[in-house]
Amino acid sequence: ALQRSLQVCTANSDLGRPNAGDLAALSSRQRMTTARYWVLAETCRQAARIVGNVTDHVAGLERCLVGEPLAVYCPMTLGRAALDGAVRVCYVLDSDASLQVRLLRGAALLLDSCEEEVTAARALPADRPPMPGALQIVTFMRENVLAWLDRAGMDIRRSRNGKASGLAWDS
């Protein structure tokens, strides 16, 4: 049943696009509204990618559970990853939450993703990187996301060590 629901979800042509109500609320051509639209649209694209990942993990879990399991922890690992992704998408795109709350949640998702990419790129071997320029690319992408969040009127809260620790609307 879950596999079928995921197939229906991923076949939906609207997956990865903001809904009509949100589009109407963000239809103004003002700079801040345009930035908020970008945050929402990018959040929806990221959510669609996560749903694809969840679908892949559930398919892997199904294959792992057919017959005698090959490994003890494989089903648990796949199940946890699928559940984590599904919950994340539901939380970020919760239709009961206001657009303002969903924008903040989406911005946090985007910022967290960028920070993870920068951390991963920094961990690549410096003497023979498998992807030359990876750190510069993901750092540029993170700076782009930060600029859009700033234009959208969001304040990025930072911890003492300078890492992003939260988001809020500018006062």
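## The hairpin at the end

Strand E1, residues 154-158, and strand E2, residues 164-169, run antiparallel and are joined by five bridges. This is a predicted model, so take what follows as a reading of a prediction. The two strands make a hairpin with five residues between them. In that turn sits Gly-162, which has a positive phi of about 90°.

Asp-155 is a handy residue to look at here. Across the hairpin, Asp-155 stands opposite Ala-168 in E2. The side chain of Asp-155 also meets that of Arg-157 in a salt bridge, at 2.8 Å from N to O. How accessible are the two partners? Asp-155 is partly exposed, with a relative accessible area of 29%, and Arg-157 is partly exposed as well, at 40%.

## The overall layout

Stepping back, the protein has six helices and two strands. Reading from the N terminus, the order is α-α-α-α-α-α-β-β, so the helices come before the strands along the chain. The protein has 171 residues, and 36% of them count as buried.

## Helix H3 and its salt-bridge network

Now to H3, which covers residues 31-65. How far does this helix reach? With 35 residues, H3 spans 51 Å from its first C-alpha to its last, close to the 51 Å expected at 1.5 Å a residue. Just after H3 comes Gly-67, with a positive phi of about 75°.

H3 also carries a charged pair. Glu-42 and Arg-45 form a salt bridge through their side chains, with N and O 2.7 Å apart. The two are three residues apart in H3, which means that about one helical turn separates them. Is Glu-42 buried or exposed? Glu-42 has a relative accessible area of 17% and is buried, whereas Arg-45 is partly exposed at 36%. The pairing doesn't stop there: Glu-42, Arg-45 and Arg-49 are linked in a network of salt bridges.

## Another pair, on helix H4

The structure holds seven salt bridges, and one that sits within H4 is worth a look: Asp-84 with Arg-88. Their closest N and O atoms are 3.6 Å apart. Because they are four residues apart in helix H4, Asp-84 and Arg-88 are separated by about one helical turn. Both ends of this bridge can be placed on the accessibility scale: Asp-84 counts as partly exposed at 43%, and Arg-88 counts as partly exposed at 31%.

## The second largest pocket

Next, a look at empty space. The second largest pocket has a volume of about 410 Å³. Its lining takes in 21 residues, and Gln-46, Arg-49, Leu-109, Ser-113 and Glu-117 lie nearest the centre. Arg-49 is thus a name to recall, since this residue is also part of the salt-bridge network with Glu-42 and Arg-45.

Which helices build the wall? Helix H3 (31-65), helix H4 (74-92), helix H5 (99-122) and helix H6 (134-151) each supply at least two residues of the lining. H5 gives the largest share, with seven residues. As for chemistry, the lining residues divide into nine nonpolar, five polar and seven charged.

## Contacts across the sequence

Two C-alpha pairs show how residues apart in sequence come together in space. What separates Arg-151 from Thr-34 along the chain, and what in space? They are 117 residues apart along the chain, yet their C-alpha atoms are separated by 8.6 Å. Arg-151 has its place in helix H6 and is partly exposed, with a relative accessible area of 26%.

The other pair is Asn-53 and Ala-81. They are 28 residues apart in sequence, and 8.8 Å lies between their C-alpha atoms. Asn-53 lies in helix H3, and at 40% relative accessibility this residue counts as partly exposed.

How values were computed:
Residues are numbered from 1 along each chain as its sequence is written. This is a predicted model: local features need pLDDT of at least 70, side-chain atom pairs count only at pLDDT 80 or more; totals for chains, interfaces and linings use all residues. Side-chain values use heavy atoms; hydrogens and water are left out. On a 1 Å grid over the protein atoms alone, a cavity is a set of points where a 1.4 Å probe fits but cannot get out, and a pocket is an open set with protein on both sides within 12 Å along at least five of seven lines; lining residues have an atom within 4 Å of a point. Grid points are joined across faces, edges and corners, and a volume is the space filled by probe spheres set on the points. Ala, Val, Leu, Ile, Met, Phe, Trp, Tyr, Cys and Pro count as nonpolar, Asp, Glu, Lys and Arg as charged, and the others, Gly among them, as polar. A salt bridge is a side-chain nitrogen of Lys or Arg within 4 Å of a carboxyl oxygen of Asp or Glu. Buried means under 20% relative accessible area, exposed over 50%, partly exposed in between (1.4 Å probe, protein chains only). The expected span of a helix is 1.5 Å times one less than its number of residues. Two strands pair if DSSP finds at least two bridges between them.
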